[in-house]
Amino acid sequence: MQRICVFCGSRSGRNPAYPEAAKQLAAALARRGIGIVYGGASIGIMGALADTALDQGVEVTGVIPGHLMDRERSHRNLTELHIVESMHERKALMGSLSDGFIALPGGLGTLEEFFEVLTWNQLGIHAKPCGLLNVAGFYDSLTSFLDHTVCEEFVPEAHRSFLLVGREPDPLLDDMQR
Ligand code: AMP
């Protein structure tokens, strides 16, 4: 794996464990020599991830639409920053640059981006591992809900199993690299 795309909040969230997990993930990726693709912001968990990764020598590629550069305070010191026209272009480029995807805690944007690449596996658009970093149980209710979608026969078990979940970066990355 050369690059993993990390989706995460443009806010830091209530629990300091969330930005801390971003730093731990950056360190784990540094140890494995895997680069990061992310939304290109300098704020929230996105900023914590990028700053730690850059400090540890990880190649960090940001992809941000021009109209969000002020609002999300685009990061000035990335290895590479792609400025794109639209959210759709952002997701397409993040998808094509990356060999796998991880969601850290985040909000609606994080969920939207992660679920799109997860569904690309069930549609056969790509076959790339998708993992939730379930920091401090942040995603417990989401994984329960996904189990419910299987019980109610909307999601086949085989598609549910595309989603990998880990509480710590290393076991999750091990699963994704298997
Ligand atoms: P959030 O999780 O809401 O803090 O958002 C995290 C990131 O997702 C931010 O960089 C948002 O700009 C981005 N985002 C929000 N909605 C979308 C979307 N529809 N497509 C792509 N990125 C999005």
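Me: What makes the pairing of glycine 109 with an oxygen atom of the ligand a polar contact?
Reply: A backbone N or O atom of glycine 109 is 3.0 Å from that oxygen atom. A polar contact is a pair of N or O atoms within 3.5 Å (within protein, one must be able to donate a hydrogen and the other to accept it, and residues adjacent in sequence count only if both atoms are side-chain atoms), so the pair qualifies. This is a predicted model, in which local features need pLDDT of at least 70, side-chain atom pairs count only at pLDDT 80 or more, and totals for chains, interfaces and linings use all residues. Residues are numbered from 1 along each chain as its sequence is written, and side-chain values use heavy atoms, with hydrogens and water left out.

Me: Which atoms does threonine 110 bring to the ligand, and at what distance?
Reply: A polar side-chain atom of threonine 110 lies 2.6 Å from an oxygen atom of the ligand. For serine 10, a side-chain N or O atom is 2.7 Å from a ligand oxygen.

Me: Which helix gives the most to the shell around the ligand?
Reply: Helix 4 does, with 5 residues. Helix 4 spans 108–123, helix 3 spans 87–97, and each supplies at least two shell residues.

Me: Why is arginine 90 called buried?
Reply: Its relative accessible area is 4%. Buried means under 20% (exposed is over 50%, partly exposed in between; 1.4 Å probe, protein chains only), so arginine 90 is buried.

Me: Where is arginine 90 found, and what does its side chain reach?
Reply: Arginine 90 is in helix 3, and its side chain reaches the backbone oxygen of glycine 39 at 2.9 Å.

Technical notes. Helices (H or I, at least four residues) and strands (E, at least two) are DSSP runs, numbered from the N terminus.
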